[in-house]
Amino acid sequence: MRTPRFIALACTAAVAVSLTACSGATQPQQGTVGGADFKVSPTSPAAKGTLDSFTWSLYAEPYTLDYALAYDYPPNTVLANVCEQLLRVTPDLKIEPGLAVKWEQPDPRTLVYTLRSGVKFHDGSVMTADDVVASLKRQMDPATGSPWGSAFKAVESIEKSGPLEVTIRLGKADALFHELLAASPGTVVSAASLAKEGKDYGTPKGDLDCTGPFSLDKWTQGDSITLKKNPDYWDAKLAPKSESVKFTFVEDPAARSNAFLSGTADGGYMVPSSSFAQLRTSGKGQLYFGPNTGAFNLAVTDFKGTLGDLRVRKALSMALDRKNIVKAAAGGVGVPAKAPAARGAWSLVPEKTASLFDTLPEPALDVAAAKKLVEEAGATGRKVTLATSTLAPEISIVANAVQAAGRQIGLDVKLQPVSPDAYSNLFVDPAARDGLDLVITSGYDNTPDPLEFYQYLRTGDFGNYGNWSEPEYDLAFDRANTEYDPAKRTELTAKVQEIALAELPVIPVFEAPHSVFLSKRITGAPTGIAQLYYPWAAMIGAAQ
């Protein structure tokens with residue numbers, strides 16, 4: 001679920017204050033917002049001119065700008081424009097060369113990356129294989145405490161094999177590792193800067209020395225972060241159209257919407273769904289929806305309790321009124337989720353999406369049949385405890401919907417309030433989940449490969465919150481992850497998806513597109529979740 005980053009729930013595990021899902025669909029979703037049609041597309045209209053600067057709204061201040069610790073939307077939204085990876089996820093959810101111009105695989109356990117020549121760090125020094133080795137090895141060092149360390153679990157060695165060549169050897173084939181080099185695990189920074197900054201690296205006191213189209217100018221803690229244009233950026237097609245970017249931090253959803261309406265913020269990602277209709281009709285700018293790779297799910301956290309019986313899990317799923325949940329929790333922008341990993345997570349091989357995802361049945365709504373299943377399981381009147389929080393409106397809305405569904409089928413669903421500060425802890429501390437049967441997650445993939453999501457349901461994985469274990473599932477996952485051919489791996493992932501849907505260790509709820517608001521003075525931004533790793537700010541320029 002990509003873990004907890006929930007919160008960014010997310011993708012793996014961290015803290016955040018908004019729960020707008022990260023999804024991604026190659027086939028546009030459509031619907032209405034405030035009476036107007038909407039559709040999903042990867043980018044906004046191209047910029048027509050340059051800018052001196054623009055202001056961008058984040059829903060929270062980044063807790064770090066250290067690439068090895070960045071595991072949430074705010075830090076990655078900033079870092080996407082400053083630091084770069086060996087590979088790159090594009091706005092239309094493809095993986096292309098980044099700081100590595102090409103790669104080879106002489107055998108299933110060896111990966112060889114050839115680096116771009118002449119790429120300069122912000123201090124003017126030239127990137128070499130030594131910088132890549134130092135950057136990647138730092139993720140593996142327990143002293144770093146990187147949440148991305150698990151991505152390197154199969155890595156045996158990372159070595160310089162030439163001035164511009166790095167060879168990585170694995171203990172076993174691991175297709176996901178290669179793909180994740182397009183996300184934070186593949187970030188390359190100056191080895192000299194790491195040594196120089198020490199414990200201040202990635203903090204308001206420190207500096208960043210990377211290769212992106214913008215460099216860090218100033219971080220005023222509690223107020224803003226300012227980036228400035230990098231005049232020596234290597235990628236001409238992404239030369240910045242603005243001289244600088246200022247990030248501001250606004251946690252309150254209403255205040256953030258007002259910043260868009262008043263013009264104090266020129267734009268921002270993950271727009272509060274409660275303001276969709278108002279922003280859509282305000283005349284102050286344009287609300288866009290883009291590809292996302294995630295969905296909102298209910299993760300079972302106790303398989304020894306009421307939900308340990310598959311019939312009860314199926315019943316609860318069948319009782320959820322997902323269409324009304326989408327209306328209330330996502331401003332009507334979204335669809336009921338067919339599977340734990342969203343449709344957008346199947347973008348790596350789009351020609352397979354129609355047969356492997358679109359053919360899945362729509363989630364059933366059958367309260368009578370669900371009630372019968374609960375009775376057959378002898379679970380009528382039994383308690384199910386679900387965590388809820390004021391962290392984001394979506395959590396409360398989904399929690400109330402689950403409670404109502406449970407009552408209809410004879411389950412006693414209790415809502416356990418969890419403070420906003422403590423909610424993210426549910427995904428990193430097993431003890432924090434004691435007494436809970438369910439938690440609401442919003443997981444997303446960093447890459448357009450659905451297998452990335454399903455790794456978190458393996459036996460013993462840190463994202464497997466209820467310690468669910470199914471040998472058939474583990475075997476199916478391992479088979480898929482040893483297949484490097486994307487088309488073949490996608491076919492194998494369909495079997496993994498099939499088992500997850502049959503056993504429901506997580507119950508799919510809904511998926512929604514990524515969102516971005518742009519004022520009338522700017523345009524050009526990618527609209528989807530690729531903004532976490534693609535230098536999106538370089539594309540923004542004047543609308544006129």
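**Reading the labels in a predicted model**

Q: Why is Glu503 called partly exposed?
A: Partly exposed is the class between buried (under 20% relative accessible area) and exposed (over 50%), found with a 1.4 Å probe and protein chains only, and Glu503, at 24% relative accessibility, therefore counts as partly exposed. This is a predicted model, in which local features need pLDDT of at least 70, side-chain atom pairs count only at pLDDT 80 or more, and totals for chains, interfaces and linings use all residues. Residues are numbered from 1 along each chain as its sequence is written, and side-chain values use heavy atoms, with hydrogens and water left out.

Q: What makes residues count as being in contact with Glu503, leaving aside its neighbours within four places in sequence?
A: Contact means heavy atoms within 4.5 Å, and, with those neighbours left aside, Leu310, Arg313 and Trp468 are in contact with Glu503.

Q: How do you know that Cys83 and Cys210 form a disulfide?
A: A disulfide is taken to be a pair of cysteine sulfur atoms within 2.5 Å, and the sulfur atoms of Cys83 and Cys210 are 2.0 Å apart, which fits that rule. The two cysteines, 127 residues apart, link distant parts of the chain.

Q: Why is this disulfide of Cys83 and Cys210 called right-handed?
A: The torsion about their S-S bond is about 55 degrees, so the disulfide is right-handed.

Q: Are Cys83 and Cys210 buried or exposed?
A: Cys83 has 2% relative accessibility and so counts as buried, and Cys210, with a relative accessible area of 0%, is buried as well.

Conventions. Helix = DSSP H or I, 4+ residues; strand = E, 2+ residues; numbered from the N terminus.
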